[in-house]
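Student: Could you take me through one part of this model up close? I would like to know how its elements pack, and then what lies around that part.

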Amino acid sequence: MTDGIPVAPGMEDARVPRVTAVIDARVALMSAAAAVLGLAAGILAEGLVRLIGLVTNLAFYHRVSMDFVSPAGNRLGWALLPVPVAGGLLVGLLARYGSKAIRGHGIPEAMEQVLVNGSRIPARLTFLKPLSAAIAIGTGGPFGAEGPIIATGGALGSLVGQRLPMTALERKTLLAAGAAAGMAATFGAPVAAVLLAVELLLFELRPRSVIPVALAAVAATGVRFALHGIRPIFPMAPLAPPSGLQLCVYIAVGALAGLASVGATRALHWIEDGFERLPVHWMWWPALGGLAVGIVGVLAPRTLGVGYDNIEAILGGTLATKALLLLCLAKFVSWAVALGSGTSGGTLAPLFTIGGALGALLGVLAAAVLPGAGVDPRMCALVGMAAIFAGAARCLLTSAVFAFEITQQPMGLMPLLGGCAAAYLISALVMRHGIMTGKLARRGVRVPADYHADHLDQLLVRDHATREVAAFGADETVGAARRWLGQGGPGASHQGFPLLDAEGRPVGLVMGRDLLDPALDPGLALGGLITRPVAVALEGSSLREAADHMVREGVGRLPVVGSDGRLAGILTRSDLLDAHALRLGDG
């Protein structure tokens, strides 16, 4: 991962900063592991979908089959009410006696492990999370399978990272690779899966992390294509290129979906807080949420289950206005209450349903108000479903590219980008935290809101080191050094002083307080105080490399050497702070 760099003759024992290579053999090893992980996550995703199908068939149709079906076609009537309640009870029991981490929609829990636990996820989550999600969704929970499989893939990646000798950054990469593979395998959207990993898990865009994640996503997508073909998961009739006026309408739809994302997020947090105040153990909450799912499901059967058929119908323009309105409102109520209860399930599919229905309704309204503009309600639905997720989850690029990949509509790209950008802008202006980070923020976890190049990595030691250095010869005595310090000349107030050999090369570093120790023999040569090889910085080192070197060596200053190995300056912690001050000055 890191390499030492050559130093001048005579300084072979000096400890120099490590230089991080952009790509090395370690990245190749990680990439191979990620590709295998992607294949495994692809198989896991298929297994989860079949498990959901099995539970759905057993619960709603009383038959044994692993075919993926919608529970909306059941004929149970009010007799279905106990089904989601029983599912919620089982999820509560699994959470209490298995792992509390199975609660929630998956992505925030994975983010928390990245941010506070060194990307370590307990191994038992690799089977408890998909099992709980299959129970919750198969018994009618209005969730998508993508959140649990993202969490499961992430747990699998983390498990591999814990079993092999890896750093925390490498474990994070494998966790993100597993999560991206889960999403890619579920929807056949590898690019969006990589972007999701970057925007919500990695918080960086470096080749050494993106390459393994991309290979994992490609491998998982390959599994999906092998099992289901390359047909987009939500096919649409071709969309026409938008005119300028139409583009403005689609962006406005995105902005309104952004407002809706704020309302949905706040409502969810309000419901979560309400459950927190209930005088019953949290184990029972998913059962109460299941009761709401059942009541809504009897009145609006389309709200039951993942609802991928609903998204396809919305994008196909086959639902009437009243059906769209009912689906939008009922799905929201069912999803918000069930998720707020702490059960297990994903948010992407329900938000796509709610946002798609809202966008289609706005499209119908726009077509009525501007009859000559040629507004396509299907395009509005596509923009609405992507924009509400962009606003709620704060992942702009992921949402736009994801909607493109799952429909394969190139004419939708520009409206998607404009609509998602408007939604993100509105959401960020009105609400501080999104649906993925709100709960983490309330737990006191700081979540990065953006990422950028490391400022210190762009600056060189030679431009920020102090050139006027007070130093001693290694053959000088302690007594001579004390007399010099006592004269109070320039540099005498410094805390540390490099020791030089006859050629002017640093061989050690002595502290002023040590020189004043009365126990030291005044006749002792300063070279006799050296206890370990000197740690130095090179003029061509970056400030990031030098700062990391200080931490590894446990020192607060580094003699700086030139290409000939001679002392060229000194770099202190104050110099690093001054460099940071430059960044603040640049805004």
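**A helix pair and its surroundings**

Tutor: Let's start with the pair H13 and H14, which are oblique to each other; angles under 35 degrees count as roughly parallel, over 145 as roughly antiparallel, 65 to 115 as roughly perpendicular, and the rest as oblique. Before we go on, this is a predicted model, in which local features need pLDDT of at least 70 and side-chain atom pairs count only at pLDDT 80 or more, while totals for chains, interfaces and linings use all residues. Residues are numbered from 1 along each chain as its sequence is written, and side-chain values use heavy atoms, with hydrogens and water left out.

Helix H13 covers residues 348-369 and helix H14 residues 377-393; their axes come within 6 Å and cross at roughly 135°. Axes here are lines fitted to C-alpha atoms, for helices over the stretch in contact, and angles run from 0 to 180 degrees between N-to-C directions. Helices (H or I, at least four residues) and strands (E, at least two) are DSSP runs, numbered from the N terminus. The H13 and H14 crossing is right-handed: the near helix is turned clockwise from the far one by less than a right angle, whereas anticlockwise would make a crossing left-handed.

Which residues of H13 and H14 meet? H13 brings Leu348, Leu351, Phe352, Ile354, Gly355, Gly356, Gly359, Ala360, Gly363 and Val364, and H14 brings Pro377, Cys380, Ala381, Gly384, Met385, Ala386, Ile388, Phe389 and Ala392; contact means heavy atoms within 4.5 Å. By class, this contact of H13 with H14 has 14 nonpolar, five polar and no charged residues. Ala, Val, Leu, Ile, Met, Phe, Trp, Tyr, Cys and Pro count as nonpolar, Asp, Glu, Lys and Arg as charged, and the others, Gly among them, as polar.

Ala392 also leads us to another helix. Thr265, found in helix H9 (residues 244-276), touches Ala392 along with Met431, His433, Gly434 and Ile435, leaving aside residues up to four places away in sequence. Thr265 counts as buried because its relative accessibility is 1%; buried means under 20% relative accessible area, exposed over 50%, and partly exposed in between (1.4 Å probe, protein chains only).

Following the chain from H14, we reach Arg394 in the loop between H14 and H15. Arg394 has a positive phi near 55°, though the residue is not glycine, and at 16% relative accessibility Arg394 counts as buried. His62 makes a nice contrast: this non-glycine residue also has a positive phi, of about 55°, but at 60% relative accessibility His62 counts as exposed. His62 sits in the loop between helix H1 (25-61) and helix H2 (82-97).

Beyond the Arg394 loop, helix H15 (residues 396-407) packs with helix H7 (residues 190-202) at about 165°, the axes lying 8 Å apart. That angle makes H7 roughly antiparallel to H15, and their crossing is left-handed. From H7 come Pro190, Val191, Ala192, Leu195, Leu196 and Glu199; from H15, Leu396, Leu397, Thr398, Val401, Phe402 and Glu405. This contact of H7 with H15 has nine nonpolar, one polar and two charged residues. So you have two crossings to set side by side: right-handed for H13 and H14, left-handed for H7 and H15.
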